[in-house]
Amino acid sequence: MTTPIRDQVSFELIPLKNLETQLPLLPSGAKVSVTCSPTKGVDATLDVAARLQGAGFAATPHVAARMVRDRAHLAEVVAVSRAAGVAEWFVVAGDAHEPAGRYDSGLPLLRDLFELTHGLDSVGVPAYPDGHTFIDGATVGRALHGKQAVLADAGVRGWVSTQLCFDPAVIRTWLQAERAAGLTLPVRLGLSGPVDRTKLLTLGMRVGVGQSLRYLKKNRRGLTGLLRSDGYDPDDLLDALDGDLAPLGICGIHLFTFNQLGAAVEWQRSLAA
């Protein structure tokens, strides 16, 4: 495995109670992202991200559009972000069943964001190689390309982070098709860290990757690995895509840690070595 992405790993953190005990396991200055839950909201996510930024980490908050009430609320979130020196956001629609206000998806929030003095160097948007749980593929594809256009018009560096997918062929085929359709944004590959198999299966269903988990059931090697070991290991998936990483513009790894940071950091260090 010889690729520069081994040095470009972002650790996804979930602001749960166990996070505080996990943070000391992170390398100094690590790149981290902070998820946004419907129960705690975007303001809590920004508070955690600001604290991590102040502690020397490079923090990327997930800003869920459906949890932002209006343009005034967005301006408040921007103010907190700028005061903390946060340089990067990841804008998603969010898991709230009903929007809190005017933003039902990420695209209209991006348009309003770029009319503000946001202080951001880059903004990421999501993509779904395995398909979205509730939205058809054509609609998701149009939204992705629309976000790319808005980022370009604003002169803001953008990137794409993929949702979990455990099938390398699906990832390869999806990204080849998107590149052919005009997607030029660099991609950070979403990978599950080497987490406990029970946590992967239960949380994976909750975050909408049930289809990918069903792939593991059909893939004897993948399922056997889960059943015979203490947890999932992302090496096989990464190795299967090794020859495609640079040609397809995959520039980094977004590591879904499920807050099991000890195993995630150990895996990242072995990858870098």
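This passage walks through the predicted model, from its overall make-up to a few individual residues.

The protein is built from eleven helices and eight strands. Of its 273 residues, 49% count as buried. The chain also brings distant parts of its sequence together: among contacts between residues at least 6 apart in sequence, 80% join residues at least 24 apart. One such meeting involves P168 and L241, whose C-alpha atoms are separated by 6.3 Å although the two residues stand 73 residues apart along the chain. P168 belongs to helix α6, and P168 counts as buried because its relative accessible area, 15%, falls under the 20% cut-off.

A good place to begin looking inside is the largest nonpolar core, which has 77 residues. Those with the most contacts inside this core are F11, L26, V32, L52, L74, W89 and I253. In soluble globular proteins, nonpolar side chains tend to be buried together. F11 gives a helpful view of the surroundings of one core member: not counting residues up to four places away in sequence, F11 touches L26, P27, A30, K31, V32, S33, L255, T257, A264, V265 and Q268. Two names in that list, L26 and V32, appear again among the core residues with the most contacts.

One of the residues touched by F11 is S33, which sits in strand β2 (residues 31-34). With a relative accessible area of 3%, S33 is buried. The side chain of S33 makes a polar contact with the side chain of H62, at 3.3 Å. Leaving aside neighbours within four places in sequence, the contacts of S33 are S10, F11, E12, L13, T60, H62 and H254. H62 is therefore a polar partner of S33 as well as a member of this contact list, because the two side chains hold a pair of N or O atoms within 3.5 Å.

Strand β7 (residues 187-192) offers a clear example of a covered strand, as six of its six residues are buried. In a regular strand the side chains alternate between the two faces of the sheet. In β7, V187, L189 and L191 lie on one side and R188, G190 and S192 on the other, and both faces are covered. Which strands pair with β7? Strand β6 (residues 157-162) pairs with β7 in the parallel sense over two bridges, and S161 stands opposite R188 in β7. Between these two strands, the chain crosses from β6 through helix α6 (residues 168-180) to β7, in a right-handed β-α-β crossover. Strand β8 (residues 250-256) also runs parallel to β7, with six bridges joining them. Here L189 stands opposite I253 in β8, and I253 is one of the residues with the most contacts inside the largest nonpolar core.

Helix α4 (residues 106-113) is mostly covered too, with six of its eight residues buried. The buried residues are G106, L107, L109, L110, D112 and L113. An α-helix has 3.6 residues a turn, so residues three or four places apart point the same way. The cover over the buried residues of α4 includes helices α3 (71-84) and α5 (137-154), together with strands β4 (88-92) and β5 (122-127).

After β8, the chain enters the loop that leads to helix α11 (261-272), and F258 lies in this loop. N259 is found there as well. Most residues other than glycine have a negative phi, and most peptide bonds are trans. F258, however, has a positive phi near 50°, and the phi of N259 is also positive, near 65°. Are these loop residues buried or exposed? F258 is buried at 7% relative accessibility, and N259 is buried with a relative accessible area of 3%. N259 also meets Q22, a residue of helix α1 (residues 19-22). Beyond its neighbours within four places in sequence, Q22 is in contact with N259, Q260, L261 and G262. Q22 counts as buried because its relative accessibility of 16% is under 20%.

Finally, the cysteines deserve a look. A disulfide is a covalent bond between the sulfur atoms of two cysteines. How many disulfides does the structure hold? The structure holds zero. C36 is buried, with a relative accessible area of 12%, and C165 is buried at 2%.

Methods
Residues numbered from 1 in each chain as written. Predicted model: local features only at pLDDT ≥ 70, side-chain atom pairs only at ≥ 80, totals over all residues. Heavy atoms only, no water. Disulfide = S-S within 2.5 Å. Buried < 20%, exposed > 50% of the residue type's maximum accessible area, 1.4 Å probe, protein only. Helix = DSSP H or I, 4+ residues; strand = E, 2+ residues; numbered from the N terminus. Polar contact = N/O pair within 3.5 Å; in protein donor to acceptor, adjacent residues only side chain to side chain. Contact = heavy atoms within 4.5 Å. Core = buried A, V, L, I, M, F, W, Y, C linked by side-chain atoms within 4.5 Å. Pairing = 2+ DSSP bridges. Right-handed = clockwise from strand over helix to strand, strands pointing away.
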